[in-house]
Amino acid sequence: MSPLDLPHDVRRRLARLSIVPRRRTGLGGVGIHASRNRGTGMEFAQYRPYERGDELRSIDWKLYARSDRFFVRDAERESPLAVWIILDASASMAQADLATPGWSRFDAARRLAAAIAAVALAQGDRFGLIVEGGSAPIVVAPGSGPRHRDRLHLALAPLAAAGVADWEGARQRLGERISRDDVAIVLTDGFDEACIATIEALAASGRDLCTIRLLTADERDFPFDSGYRFTDVEGGASVIGDGPALREQYLTRFAAARAAQEARLESAGVRHTESFVDRPADEPIAALFDRRTRR
């Protein structure tokens with residue numbers, strides 16, 4: 001199955017989710033944005049059967065003459081919200097688990113990007129993509145509708161994770177494209193300090209930033225049962241060690257590092273969650289937005 005193909009059970013759960021911007025209402029809570037509305041006076045969206053209460057002027061009489069049934073021309077009003085998917089495509093994102101070498105962190109990130117786009121599409125919002133990796137950045141400007149989803153998939157399909165992303169250079173590019181009315185969701189492993197600093201800077205400028213940290217199951221469980229060489233694919237440093245002997249120290253230090261990073265993001269006002277490559281793509285989206293949507 002392609003990373004961009006969402007399993008049926010995941011699609012079913014995604015249909016119950018919404019992406020909600022962090023906006024303050026008069027009561028101090030989170031306001032639901034003005035999502036795309038169907039009306040009768042703007043860009044044509046689709047036909048639907050006539051329902052009691054619809055205005056007669058919205059009926060397509062030519063279609064009635066051909067079908068002998070009443071249909072209404074729905075139109076769409078553009079949502080002010082754009083959902084930006086910012087994808088880390090640096091070399092560390094190519095890591096896979098020992099048990100599943102054919103499914104990498106980057107595969108999981110691309111599936112998650114497809115899931116975010118599916119939610120934005122369903123709620124009528126625009127969505128766009130920015131890919132930061134070892135090569136030139138890739139940008140798919142925000143758009144809406146199934147055709148735009150297909151364009152985003154075409155951009156995601158051939159990508160591979162490689163090189164070192166220029167997050168310091170990306171800071172200005174992202175700031176120029178992402179407005180304060182948008183929601184930006186960064187998909188990264190969180191291992192690049194420049195990436196986290198860029199997220200903090202964008203949040204400090206008033207942008208609505210969310211981060212999903214993607215980790216492998218091996219990073220979570222450290223199942224190594226013999227000697228291994230552990231290599232930093234971006235920096236080149238390596239260490240040789242015995243898996244069982246390193247496990248307890250690794251898990252303690254890694255948990256502390258993740259907690260420290262989460263505290264930084266929390267302090268910067270960045271919504272954040274963590275996911276693993278062996279978990280379904282709807283879980284981190286629900287963790288970020290579902291509780292606030294129900295409030």
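Q: By relative accessibility, which of buried, partly exposed or exposed does S238 count as?
A: The model is predicted: local features need pLDDT of at least 70, side-chain atom pairs count only at pLDDT 80 or more, and totals for chains, interfaces and linings use all residues. Residues are numbered from 1 along each chain as its sequence is written, and side-chain values use heavy atoms, with hydrogens and water left out. Buried means under 20% relative accessible area and exposed over 50%, with partly exposed in between (1.4 Å probe, protein chains only). S238 has 41% relative accessibility, so S238 counts as partly exposed.

Q: Which residues does S238 touch, leaving out those up to four places away in sequence?
A: S238 lies in strand β10; strands (E, at least two residues) and helices (H or I, at least four) are DSSP runs, numbered from the N terminus. Contact means heavy atoms within 4.5 Å. On that basis S238 touches R229, F230 and T231.

Q: How many bridges pair β9 with β10?
A: Two strands pair if DSSP finds at least two bridges between them. β9 (residues 227-231) and β10 (residues 238-242) form a hairpin with six residues between them, and G236 in the turn has a positive phi of about 90°. R229 stands opposite I240 in β10. The sense of the pairing is antiparallel, and the number of bridges is five.

Q: Which residue has a positive phi of about 45° without being a glycine?
A: The residue lies in the loop between α7 (217-221) and β9. Its relative accessibility is 6%, so it counts as buried. The residue with this phi is F222.

Q: Why does β7 count as largely enclosed by the rest of the structure?
A: In a regular strand the side chains alternate between the two faces of the sheet. In β7, V183, I185 and L187 point one way, A184, V186 and T188 point the other way, and all are buried. β7 is largely enclosed because its buried residues number six of the six.

Q: Which strand is joined to β7 by six bridges?
A: β4 runs parallel to β7 and is joined to it by five bridges, with W84 opposite A184 in β7. On the pairing with six bridges, I185 of β7 stands opposite C210. That pairing is also parallel, and the partner is β8.

Q: Which helix gives the most residues to the largest nonpolar core?
A: A nonpolar core is a set of buried Ala, Val, Leu, Ile, Met, Phe, Trp, Tyr and Cys residues joined through side-chain atoms within 4.5 Å. The largest has 41 residues, of which L87, I116, L129, I185 and L187 touch the most other members. Elements that each supply at least two residues include β4 (82-89), β5 (126-133), β7 (183-188) and β8 (208-215). With 10 residues, the element that gives the most is α3.

Q: How far apart in space are A91 and A161, C-alpha to C-alpha?
A: A91 is in the loop between β4 and α3, and at 17% relative accessibility A91 counts as buried. Beyond four places in sequence, A91 is in contact with A161, A162, G163, V233 and E234. A91 and A161 are 70 residues apart in sequence, while their distance in space is 5.0 Å.

Q: Which residue meets R213 in a salt bridge of 2.5 Å, N to O?
A: A salt bridge is a side-chain nitrogen of Lys or Arg within 4 Å of a carboxyl oxygen of Asp or Glu. R213 is in strand β8, and its partner, 49 residues apart from it, is in helix α8 (residues 243-267). R213, at 6% relative accessibility, counts as buried, whereas the partner, at 28%, counts as partly exposed. The partner is E262.

Q: Which residue in the loop between β11 and α9 forms a salt bridge with R220?
A: R220 also forms a salt bridge with D221, the closest N and O atoms being 2.9 Å apart. R220 sits in helix α7, and the loop residue is 58 residues apart from it in sequence. The loop residue counts as partly exposed at 41% relative accessibility. Its side chain meets that of R220 at 2.8 Å, N to O, and the residue is D278.
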